[in-house]
Amino acid sequence: CPVFVAPLQEAYLSFREYFLKTDLAGKMGHVELLQDAGGTVVVLRQSRHVSEAEKAGFNAWAEQQNITLYWQSVEDNRLAGEPERYYEIDGVKVNFHPQDFIQVNEKINTQLVAQALDWLDLASEDVVLDLFCGSGNFSLPLAKRVKQVIGVEGLDSMVEKGRRNAQQAGLENIEFIAADLTQPPPNKIKKAKITKVLLDPPRAGAIEFLPTLVRLKPDSILYVSCNPSTLARDVEYLVDNGFHVKKVCMMDMFPQTTHIETMMLLQK
């Protein structure tokens, strides 16, 4: 696979060779491979029950290959317990669950964060709103440079990880809030004197939150998008409501695919 980094190339070839020798093909619905600062991970999602005897062989293979192996049962939508992985960005450690959303491409993500920090032209008195913030991929680097960061994410589990990541990094000027951004915003956001906004929504975009975003009257909005269609729709709304596009670029976050990551800076 030309997309995989070298350790995952090796893991995939070894996994495939072993997997085809077993009778587990009909019992697996999904296989995930992950490489982070802690090493190589394989997550096996079961579509049918796998016995402990069947698992034993795979567990031995994983140990021999120095791979961390997780089994996701038929009944569970998420891995049992709270396994944690981590990566580093801008000198900060970001812990995450193997099934949480993270940026898929480490090299491009490093460039993405660096360019976001540059384009926002941050000042020590800025109050930055980070929407769809996950576990703090942008929030933590932002907090090293500004007065306050408010990170908003829909999943409670990721908000909790963001809080722990901030605490671990010694960053006391971040507040993580769990909120559905398709619904009216928390009062805390409306009362904060937001100067700049960063948002990195899912493919559906952020159309429901845009009226609130306009009312907050930030100086700058940095929009990171994996879907140019919804980005174009959302930016049209922002332009119609007093913002103009200052900079735009594309980043090949998903090489060998038709997908592209776009970064756009808008100003009042």
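**Exercise 1. Which backbone nitrogen lies 3.0 Å from a polar atom of the side chain of serine 225?** Then work out where serine 225 sits and whether serine 225 is buried or exposed.

Before we start: this is a predicted model.

*Solution.*

- Step 1. Go through the polar atoms around the serine 225 side chain, and you land on the backbone nitrogen of asparagine 227, at 3.0 Å.
- Step 2. Place the residue: serine 225 belongs to strand S10, which covers residues 220–225.
- Step 3. Check the cover. The relative accessibility of serine 225 is 3%, so the residue counts as buried, the cut-off being under 20%.
- Step 4. List the contacts, skipping neighbours within four places in sequence. What remains for serine 225 is Leu231, Ile260, Glu261 and Thr262.

**Exercise 2. Take helix H3 (residues 106–119): what span should its 14 residues have at 1.5 Å a residue, and how far apart are its end C-alpha atoms?** Then look at the packing and at both ends of H3.

*Solution.*

- Step 1. The expected span takes 1.5 Å times one less than the number of residues. For the 14 residues of H3 that comes to 20 Å.
- Step 2. Compare with the model: the end C-alpha atoms of H3 are 20 Å apart, so the two values agree.
- Step 3. Pick out the buried residues of H3, and you get Ile108, Asn109, Leu112, Val113, Ala116, Leu117 and Trp119.
- Step 4. See what those buried residues pack against. On the strand side there are S4 (85–89), S9 (196–199), S10, S11 (244–251) and S12 (261–267), and helix H4 (139–143) joins in as well. Strand S10 is the home of serine 225 from the previous exercise.
- Step 5. Go to the start of H3. There, a side-chain oxygen of asparagine 105 comes within 3.3 Å of the backbone nitrogen of lysine 107.
- Step 6. Now the other end: aspartate 121 follows H3, and its phi is positive, near 50 degrees.

**Exercise 3. How many salt bridges does a search of the whole structure find?** Take some of them apart, and say which parts of the chain they tie together.

*Solution.*

- Step 1. The search gives 13 salt bridges.
- Step 2. One of them pairs glutamate 84 with arginine 164, with the closest N and O atoms 2.0 Å apart. Glutamate 84 is in the loop between strand S3 (67–72) and S4, while arginine 164 is in helix H5 (residues 156–169), so this pair ties together parts 80 residues apart in sequence. Glutamate 84 is partly exposed at 32% relative accessibility, and arginine 164 is partly exposed at 36%.
- Step 3. Next, try aspartate 126 and lysine 196, whose closest N and O atoms are 3.0 Å apart. Here the link runs from the loop between H3 and strand S6 (127–131), where aspartate 126 lies, to lysine 196 in strand S9, 70 residues apart. Aspartate 126 is buried, with a relative accessible area of 5%. Lysine 196 is buried too, with 8%.
- Step 4. Then there's lysine 188 with glutamate 175, at 2.7 Å from N to O. Lysine 188 lies in helix H6 (residues 187–191) and glutamate 175 in strand S8 (residues 174–178), so parts 13 residues apart in sequence get tied together. Lysine 188 has a relative accessible area of 44%, so it is partly exposed; glutamate 175, at 26%, is also partly exposed.
- Step 5. Finally, look for shared partners: salt bridges of this kind join Asp90, Lys144 and Arg145 into one network.

**Exercise 4. Where are asparagine 66 and aspartate 90 found, and is phi positive or negative for asparagine 66 and aspartate 90?**

*Solution.*

- Step 1. Recall the background: most residues other than glycine have a negative phi.
- Step 2. Asparagine 66 has a positive phi, near 60 degrees. This asparagine is in the loop between helix H2 (52–64) and S3, and its 66% relative accessibility makes it exposed.
- Step 3. Aspartate 90 has a positive phi as well, near 55 degrees. Look for aspartate 90 in the loop between S4 and strand S5 (92–96), partly exposed at 28% relative accessibility.

**Exercise 5. Which residues make the nonpolar surface patch of about 220 Å²?**

*Solution.*

- Step 1. The patch is made by Val239, Val245 and Val248.
- Step 2. Place one of them: valine 239 is in helix H8 (residues 228–240).
- Step 3. Check that valine 239 qualifies. Patch residues need over 30% relative accessible area, and valine 239 is partly exposed with 39%.

Note on methods: Residues are numbered from 1 along each chain as its sequence is written. Side-chain values use heavy atoms; hydrogens and water are left out. Patches are made of residues with over 30% relative accessible area and no salt bridge: like charges are joined within 9 Å, nonpolar side chains (Val, Leu, Ile, Met, Phe, Trp, Tyr) within 5 Å. Accessible areas come from the Shrake-Rupley method with a 1.4 Å probe; for residues, only the protein chains shown count as cover. A salt bridge is a side-chain nitrogen of Lys or Arg within 4 Å of a carboxyl oxygen of Asp or Glu. Helices (H or I, at least four residues) and strands (E, at least two) are DSSP runs, numbered from the N terminus. Buried means under 20% relative accessible area, exposed over 50%, partly exposed in between (1.4 Å probe, protein chains only). A polar contact is a pair of N or O atoms within 3.5 Å; within protein, one must be able to donate a hydrogen and the other to accept it, and residues adjacent in sequence count only if both atoms are side-chain atoms. Contact means heavy atoms within 4.5 Å.
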